[in-house]
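These are my notebook entries on a single protein model, kept in the order in which I looked things up. I wanted to go through the backbone, the charged pairs, one helix and the main pocket.

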Amino acid sequence: MSELSAILLAGGRGSRMGGIHKPSLEVGGRSLLTVAVTAARDAVCDPIIVVGDAVTDAALISVVWVREEPPFGGPAAAIMAALPFVTGARTLVLACDLPGGEDAAQLLCAAPFGGDGICLEDQSGSSQWLAGIYRTEALRSSAARLPHAGSGASVSALLGGLDIHVLKASDELTADIDTWDDLYNARRRIP
């Protein structure tokens, strides 16, 4: 059994991009979902839990698929839906719209761990909570306080009260894909 489990968030609406399934977008010849799964595998996470609609892909064999109820309840609800399957003492949480997901996970795993967790911080000083490693029991305790299985709750409602240390990272590493321009820029950076 691994000390580290992974929750990969792949179930958003992609509304700013016309409803596209963002984790299936390709950057550098791989889907963003494959990037996130590879990041979790390289970090020796077990189990790897993907929250979203299951897709058929040989690269995704041996992941656990779950879905928050109701669907599209937001990232806090997605994390809460995956928590019953987590077995590690610590949990890597990673959004599946990060082209730099592998480097982000590697940076997080190499950093000193303290308090309730660690997450990346972009150059503007914003915490990137969906790129972090957290004590599983802290996540469970915080989740127990949210009503309606976290549906509609913000990530700050789930994680805001925890003792989370931040790790400054480059904007390229923390840049997610929310718009077509973001995708274009990511493909320019990662040919």
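Entry 1, backbone. I began with F72, which sits in the loop between β5 and α2, and I noted that the model is a predicted one. F72 is not a glycine, yet its phi is positive, at about 65 degrees, and with a relative accessibility of 36% this residue counts as partly exposed. In the loop between β5 and α2 I also found P70, and the peptide bond leading from E69 to P70 is cis, with omega near -5 degrees.

I then turned to the loop between α1 and β4, where V44 lies. V44 also has a positive phi without being a glycine, here of about 60 degrees, and V44 is exposed, its relative accessible area being 57%. P47 is found in the loop between α1 (32-42) and β4 (48-51), and the bond that joins D46 and P47 is a cis peptide bond with omega at about 0 degrees.

Entry 2, charged pairs. How many salt bridges does a search of the whole structure find? I recorded ten of them, and I looked at some of these one by one.

The salt bridge between R30 and E102 has its closest N and O atoms 2.3 Å apart. Because R30 belongs to strand β3 (residues 30-31) and E102 to helix α3 (residues 101-110), this pair ties together parts that are 72 residues apart in sequence. R30 is partly exposed at 30% relative accessibility, and E102 is likewise partly exposed, with a relative accessible area of 23%.

E121 and K168 meet through their side chains in a salt bridge of 3.2 Å, N to O. E121 is in strand β7 (residues 117-121) and K168 in strand β9 (residues 164-168), so parts that are 47 residues apart in sequence are tied together by the pair. I checked both ends for exposure: E121 counts as buried at 15% relative accessibility, whereas K168 counts as partly exposed at 45%.

For R67 and E68, whose side chains form a salt bridge (3.2 Å, N to O), I found both residues buried. I also noted a network of salt bridges that links R16, K22, D97 and D178.

Entry 3, helix α4. Which residues of helix α4 are buried? In this helix, residues 136-144, I listed T136, A138, L139, S142 and A143. They lie on the same side of α4, because the arc they cover around the axis is only 160 degrees. What covers these buried residues includes α2, β6 (90-95), β8 and α5 (155-159).

I followed one of them, S142, further: its relative accessible area is 4%, and S142 is therefore buried. When neighbours within four places in sequence are left aside, S142 is in contact with A157, L158, L159 and L162.

Entry 4, the largest pocket. I noted a volume of about 620 Å³ for the largest pocket. Its lining is made up of 32 residues, and those nearest the centre are G12, K22, P75, D97 and L130. Two or more lining residues come from each of α2 (75-82), β8 (127-135) and α6 (171-174), and β8 gives the most, with four. Sorted by class, the lining holds 17 nonpolar, seven polar and eight charged residues. I set this beside the earlier entry on charged pairs: K22 and D97, which are among the residues nearest the pocket centre, also belong to the salt-bridge network with R16 and D178.

Methods. Residues numbered from 1 in each chain as written. Predicted model: local features only at pLDDT ≥ 70, side-chain atom pairs only at ≥ 80, totals over all residues. Heavy atoms only, no water. 1 Å grid on protein atoms, 1.4 Å probe; cavity = no way out; pocket = protein on both sides within 12 Å on 5 of 7 lines; lining within 4 Å. Points joined across faces, edges and corners; volume = space filled by probe spheres on them. Nonpolar A, V, L, I, M, F, W, Y, C, P; charged D, E, K, R; others polar. Buried < 20%, exposed > 50% of the residue type's maximum accessible area, 1.4 Å probe, protein only. Arc of directions from axis to C-beta. Contact = heavy atoms within 4.5 Å. Salt bridge = Lys/Arg side-chain N within 4 Å of Asp/Glu carboxyl O.
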